Every structure is written in structure tokens, then in C-alpha cells.
Amino acid sequence: MLILTTKTVGVWTRRMHCLQLLTRQYSTDIPSVAAKQIHMNGLHYLSWVKSIPVHTGGYVLPANLLSGGPQDLKKFLNEVGTDPREARFWLKQFQHVSEASKPFAVVEVGSDVLDNEDMLNDLASGISFIQRNDMKPVIIHGCDIRKDSQDTIQVLKKKLYLDSIKLVNAFESHGAPSRPLFGGSGILHLGTGSSEQAVVSHINTEPIQWCLHSGHVPVLSSIGEGVTGQLQCLNAAQVTRELAKVMKPFKVMLLNTTGGIVDENDQVIANINIPFDFHSCDDKPWCTPEIKNKVESIASLLDNLPTQSSVVITLANSLLTELFSHHGSGTFFKITEPIKMYTKLDDVGKNELVTMFNSAFGRDLKDDYFKSLNQKLKTLYLSDRYNAAAVVTDEPSAGVPYLDKFVISSQSQGQGTSDMLWDYVKRDFKSLFWRSRTQNKISPWYFKRCEGSWSNSDWTVFWYGVSDRKLSSNLIDFALSLPSSFKETGTGKDNTLVE
């Protein structure tokens with residue numbers, strides 16, 4: 001990753017231009033309105049703001065990304081990376097999910113974050129960044145509820161009150177207007193069951209929607225109110241789940257000071273794909289009863305969210321990296337398309353495959369591609385909705401199977417689909433080779449997964465499971481000799497991994 005410095009004026013200029021290219025339209029119609037009283041559901045809320053952004057027509061990416069000044073630009077590029085294509089991909093994705101009264105993300109802040117000043121400061125910086133760029137967050141926090149605790153509701157309520165103020169002050173110190181929503185404000189209604197732990201039966205979202213509409217970050221403490229006015233502390237994780245089910249955010253982010261779920265080697269597990277990885281978790285040495293319950297809870301939540309929604313467990317100081325990069329930083333949960341295996345092209349829709357390949361590569365397949373493929377197809381891996389595909393061919397003269405195509409549609413990138421597809425291929429083929437254009441921006445993804453490679457000015461040839469030098473040399477010659485699968489026309493987009 002390149003580090004941006006204020007000394008390199010030329011670099012500043014080029015990167016400013018890159019971000020200007022990212023923002024195709026700018027919202028400039030922001031009329032001022034006087035402070036006023038807003039009445040909702042029998043409650044009065046004071047509008048502390050002097051101006052409320054009003055969006056006309058469809059959602060457009062705001063100019064705030066640039067008008068936030070050098071600090072915003074430097075933070076974005078330093079933390080996320082300097083590849084404008086990757087940044088543009090994510091910003092384009094998020095353009096279509098923000099609504100005035102609906103959160104972009106429901107964010108649960110662990111109590112450990114509030115005890116770590118550096119982590120809290122980084123979190124506040126990230127929250128203020130997405131807030132300024134119209135990706136509205138809702139913040140939820142709570143306190144550890146232990147059965148053996150002697151703390152009274154008054155003690156816990158005071159702690160949550162102080163924590164709310166601490167979060168609001170942190171966000172506002174970074175330029176994000178925020179409002180605390182304290183327990184007893186008629187937002188979280190307690191259930192009437194006999195459960196040992198208090199549960200949420202109903203959430204009044206109007207105060208939260210008011211905060212979002214008025215340009216404030218809602219900070220909700222996990223205290224519920226019963227029908228007779230009694231207050232009880234709630235589990236913040238349960239409040240997060242129930243609020244997400246009601247408000248249907250694009251992201252649910254569970255932030256802490258330890259990061260995502262780690263395996264037996266203390267390495268963060270990047271993706272848990274539902275349902276693909278759900279049942280296999282039981283066999284993993286890292287899957288403790290606590291983690292299993294957490295995974296089951298997240299899987300249940302995803303069943304109640306839109307298909308494009310996702311859940312992530314990550315460090316509080318990695319919020320921007322998690323949102324704006326393909327590699328992320330924590331453990332990412334997503335309901336993914338099932339991937340099936342085929343050995344005959346007659347079993348799949350060729351027209352859909354042609355459309356997928358042509359769109360991904362930006363060029364048209366040659367007319368005889370499938371006729372040629374029919375004679376040597378080993379395995380075709382294909383997702384149900386034709387958003388991911390891998391083609392492996394049998395090449396007797398090479399002595400090793402060849403990965404002919406590996407394609408992920410733009411809408412499925414960054415959702416764990418590529419890793420899941422790769423896991424299928426790697427599971428079935430103990431050795432493999434393939435080629436990718438040298439200029440392919442996703443080549444680093446391949447360098448992490450190969451055991452050997454060779455490059456010239458046009459192509460990089462990769463392989464794994466091959467230890468014989470003579471064989472690897474033959475594989476290089478074979479890959480370089482293959483004709484292109486595409487006609488020499490089109491845009492030549494670089495949205496795929498293998499060509």
C-alpha cells in the first residue's frame with residue numbers, strides 16, 4: 001500500500017482527480033431550515049440542526065467526499081488503499097442503498113471499545129467519515145450483563161448514560177452531529193414473558209428515523225422499558241439483531257477490540273458463507289459453543305434481512321477498511337448463492353454463460369468457444385444465478401488440469417463468493433495451472449493462492465501442486481500457446497480473474 005503524504009503535491013492532484021471521477025454527481029441543493037419542533041408518536045423532539053440536507057430524485061453520491069478536505073481524502077486513501085477502481089466499486093455499490101430514514105449500517109459497539117481511548121478515537125473518525133458521505137449509521141451499545149452481578153439498574157443506567165455521552169462527544173469531536181437516545185425514551189419495549197433475561201418485544205423506530213433524517217448519528221443505549229415504566233438492561237447483541245430486522249440495513253457491524261473470529265492458528269477467518277460453511281463449522285477446532293451460538297444467531301439474522309445485506313465482526317479501528325476494500329479486515333457473514341458442479345455443458349444455460357462471460361471480460365466470446373470446450377471440459381462450477389463460474393479443462397498433453405475461466409460478476413465481488421468458489425476448485429484439484437493478463441489488477445489475489453508463477457509483459461502463469469521444474473516450464477509454454485477465447489473487440493474490462 002502506498003502512503004499518501006502532504007509533500008507529494010503531484011500525487012495529491014492525481015488522487016483528487018481519481019476521487020472526482022468516482023463522484024459522478026453532486027448534491028448541492030441543501031436548503032437551510034430553522035430549528036423546529038417535530039412531533040412523532042405523542043413525543044416531541046427538538047431539531048438542534050440549522051440545516052437539513054434534502055435529496056431530490058434518486059440518491060447521488062455527495063460531494064462531501066471531496067469537500068471534507070485533505071483530512072478525509074488522506075484518511076480514505078491511507079486506510080483503504082490507493083486503487084481508484086476498488087474504491088469506485090464500493091462507492092458505486094453504496095450509492096444505491098442509502099435512504100433518508102433508513103440506516104446504511106447498524107453498528108454494535110462493544111463495551112471494551114469504550115475503555116480503549118485510541119480505539120474509540122479511530123472508531124469516531126470512521127463513523128464521522130461515513131456519516132459525512134451519506135452512509136448513515138445507527139450506534140448501539142450496552143454493558144456486560146452477568147447473573148452474579150450486584151449492580152442495580154440505577155448503577156447500570158448511569159454507566160450507559162455516561163457511555164452514551166462519551167460516544168456522542170467522540171463522534172462530534174470528529175465532525176459528526178450525534179444524539180443520545182437514552183433508556184426510558186419509549187424506543188425499546190420489554191417483553192412480558194418469564195425469561196430470566198429481559199428481551200425486546202417491540203422497537204419504536206421513529207426517534208431513530210428522526211435522527212437519521214435530521215443528519216444526526218443516533219446513539220442508542222440498551223435499556224428497555226416495560227408497560228408499567230420499569231427499566232431493565234438488555235443484551236446489546238439482541239437489541240442489534242432486533243433493530244436490524246426492523247430497519248433492514250445494508251450492513252450490520254459488530255465492533256470490538258479483538259477483531260473477527262480466529263481459527264486454531266490464531267488467524268482471522270475472513271468469510272463464513274451461509275449456508276455453505278454453516279454446518280461444517282461444527283467440525284472445526286476453533287468452533288467453541290460460544291462461537292457456534294454466535295454463528296447460528298448471525299445466520300438467523302441474515303434470514304430476516306435483504307439478500308444484499310451482510311454482517312461483519314471486526315476491530316473498531318478497521319471500519320473503513322472493512323467497508324471499502326475487497327479484502328476487508330474481520331469475519332464477513334453473507335448468504336451466498338449455492339455453487340453446483342457440472343461435467344456437461346448441456347446441463348446449463350449457454351446463453352446465460354455467454355452473457356456472463358461477455359459482460360465480465362468486456363469482449364465477446366469466439367463463436368466456437370463452447371464447441372471447443374465441450375471436447376475437454378473437466379468441471380464447470382456455476383452459481384445458481386450465474387454470478388460466479390470456474391471452468392477447469394482436461395489437458396492430457398500438459399499433464400495438469402487447466403483453469404480456463406474464473407469469473408465473479410461485479411455485484412458478487414467482495415461478498416466472499418470468490419473465496420468460496422476457489423475453495424471448491426482447490427478441494428477437487430490437487431494441482432492446477434492458469435494464466436492472467438499481467439496488467440490484471442486482481443493478480444495479487446492469485447499470488448496469494450499460487451505456489452509458483454512466471455510473468456512476461458503480457459501474461460502471468462500461475463500454478464499450485466507442481467514441484468517438478470521441468471513440468472512447470474512445460475506448463476508455462478502450454479499456457480502461453482493458448483489462443484484467446486475472445487474476439488479482438490470490446491472494452492477489455494478487467495473485472496475477472498482468469499483469461
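## Exercises: helix 9, helix 7 and helix 16

At 22% relative accessibility, E242 counts as partly exposed (buried means under 20% relative accessible area, exposed over 50%, partly exposed in between; 1.4 Å probe, protein chains only). This is a predicted model: local features need pLDDT of at least 70, side-chain atom pairs count only at pLDDT 80 or more, and totals for chains, interfaces and linings use all residues. Residues are numbered from 1 along each chain as its sequence is written, and side-chain values use heavy atoms, leaving out hydrogens and water.

**Exercise 1.** Find the side chain that meets E242 in a salt bridge, and place both residues.

*Solution.*
- Step 1. The partner is K245, at 3.5 Å, N to O. A salt bridge is a side-chain nitrogen of Lys or Arg within 4 Å of a carboxyl oxygen of Asp or Glu.
- Step 2. Both residues lie in helix 9 (residues 236–247), three residues apart, about one turn of the helix. Helices (H or I, at least four residues) and strands (E, at least two) are DSSP runs, numbered from the N terminus.
- Step 3. K245 counts as partly exposed at 24% relative accessibility.
- Step 4. An α-helix has 3.6 residues a turn, so residues three or four places apart point the same way.

**Exercise 2.** Are K159 and D163 buried, partly exposed or exposed?

*Solution.*
- Step 1. The two form a salt bridge, with their closest N and O atoms 2.8 Å apart.
- Step 2. Both sit in helix 7 (residues 153–173), four residues apart.
- Step 3. K159 is partly exposed, at 36% relative accessibility.
- Step 4. D163 is buried, at 9%.
- Step 5. For the total, the structure holds eleven salt bridges.

**Exercise 3.** Check the span of helix 16, then work out where its buried residues lie.

*Solution.*
- Step 1. Helix 16 covers residues 469–481, 13 residues. The expected span is 1.5 Å times one less than the number of residues.
- Step 2. That gives 18 Å; the end C-alpha atoms are 19 Å apart, which agrees.
- Step 3. The buried residues of helix 16 are S472, L475, I476, F478 and A479.
- Step 4. Down the axis of helix 16 they fall within an arc of 165 degrees, so they line one face. The arc is that of the directions from the helix axis to the C-beta atoms.
- Step 5. The face turned away from the buried side carries exposed K470 and S481.
- Step 6. The buried residues pack against strand 19 (432–437), strand 20 (452–455) and strand 21 (459–464). Contact means heavy atoms within 4.5 Å.
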